[in-house]
Amino acid sequence: MVITDSLLNQIDSYLKENLSEKRYRHSVSTAVTAEQLCRIFSIDSRKGYLAGLLHDIARELDIEQLTSLSLKDGGAIRDSEKKHPVLLHGRAGAEMVKELFKITDAEILDAVSHHTTGNKGMSSLAKVIFIADYIEPYRAHITQEYLSSLKGKSLDSMLKIVLNSILEYIREESLMVSEISLELLKELENERKE
Ligand SMILES: [Fe+2]
Ligand SMILES: [Fe+2]
């Protein structure tokens, strides 16, 4: 897809108006981090920037809005999503992006849709957004040491490290782990070690 400056400006203004200042800042920072990761892994960096900018567009909606938008993708609401409806903001976000900005690029929609949990067989762009969301510099939990542990790693190795960090947090907080995060972990563990 052609990503024009005018589309990016339109999205930027929408997010500035509709998200809290903190989340807007996180969205831009995720976009910049995604752009940098894309350059490392030879992925379309403009797409990375756009998907990063969009990923949390639905993060501040209420449960009813999250549920009704998510159901539009044709999937059911999973047990983990019933328990933690906030998990739906990826799926809901992908629907919003289609409706508001007429974006139909499957990779971008997939990256937005799956950024909260990851999923089996996710695209490289979706992997980049999942990682960027977790490591962007405004994230309080990210240390220089953590970033160094990712340096020079393959995209899948980075994804595995980040996914394990997220799962560790979920377990510590006694939250319910998403079924599809576990499927992704299994897939990554079955891959040959690099
Ligand atoms: Fe998110
Ligand atoms: Fe995010």
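1. The iron ion (ligand 1) has three protein donors, D56 (OD), H89 (NE2) and H115 (NE2), at 2.0 to 2.1 Å. Along the chain these donors follow the spacing D-x32-H-x25-H. D56 sits in the loop between helix 3 and helix 4, and H115 in the loop between helix 7 and helix 8, so this pair ties together parts that are 59 residues apart in sequence. The model is a predicted one, and the distances should be read as belonging to that model.

2. Both of these loop residues are buried: D56 has a relative accessible area of 4%, and H115 has one of 2%. The cut-off for buried is under 20% relative accessible area.

3. The iron ion (ligand 2) takes its protein donors from H26 (NE2), H55 (NE2), D56 (OD) and D133 (OD), which lie 2.2 Å from the ion. Their spacing in the sequence is H-x28-H-D-x76-D. The site has 4 donor atoms, the angles among them run from 81 to 173°, and the geometry is irregular. Water is not among the atoms, so a site of this kind may look incomplete.

4. Which residue coordinates both iron ions? D56 does, bridging ligand 1 and ligand 2, and the two ions are 3.4 Å apart. D56 belongs to the loop between helix 3 (45-54) and helix 4 (63-71), while D133 belongs to helix 8 (residues 124-135), so the pair ties together parts that are 77 residues apart in sequence. D133, like D56, is buried.

5. Helix 3 also packs against helix 7 (residues 106-113), with an angle of about 40° and 9 Å between the axes. The crossing of these two helices is right-handed. On the helix 3 side the contact involves K47, L50, A51 and L54; on the helix 7 side it involves E107, I108, A111 and V112. By class, the residues of this contact are 6 nonpolar and 2 charged, with no polar ones.

6. A separate point concerns L184, a residue of helix 11 (residues 179-190). Is L184 buried or exposed? L184 counts as buried because its relative accessibility is 0%. Neighbours within four places in sequence aside, L184 is in contact with T117, G118, N119, K120, M122, L159 and L163. D5 is 179 residues from L184 along the chain, and the C-alpha atoms of the two are separated by 34 Å.

Key
Residues are numbered from 1 along each chain as its sequence is written. Chains are lettered from A and ligands numbered from 1 in the order in which they are written. This is a predicted model: local features need pLDDT of at least 70, side-chain atom pairs count only at pLDDT 80 or more; totals for chains, interfaces and linings use all residues. Side-chain values use heavy atoms; hydrogens and water are left out. Donors are N, O and S atoms within 2.8 Å of the metal (3.2 Å for Na, K and Ca); water is not among the atoms, so sites may look incomplete. Four donors count as tetrahedral if all angles lie between 85 and 135 degrees; four count as square planar and six as octahedral if opposite donors are over 155 degrees apart and all others between 65 and 115; anything else is irregular. Helices (H or I, at least four residues) and strands (E, at least two) are DSSP runs, numbered from the N terminus. Buried means under 20% relative accessible area, exposed over 50%, partly exposed in between (1.4 Å probe, protein chains only). Axes are lines fitted to C-alpha atoms, for helices over the stretch in contact, and angles run from 0 to 180 degrees between N-to-C directions. A crossing is left-handed if the near helix is turned anticlockwise from the far one by less than a right angle, and right-handed if clockwise. Contact means heavy atoms within 4.5 Å. Ala, Val, Leu, Ile, Met, Phe, Trp, Tyr, Cys and Pro count as nonpolar, Asp, Glu, Lys and Arg as charged, and the others, Gly among them, as polar.
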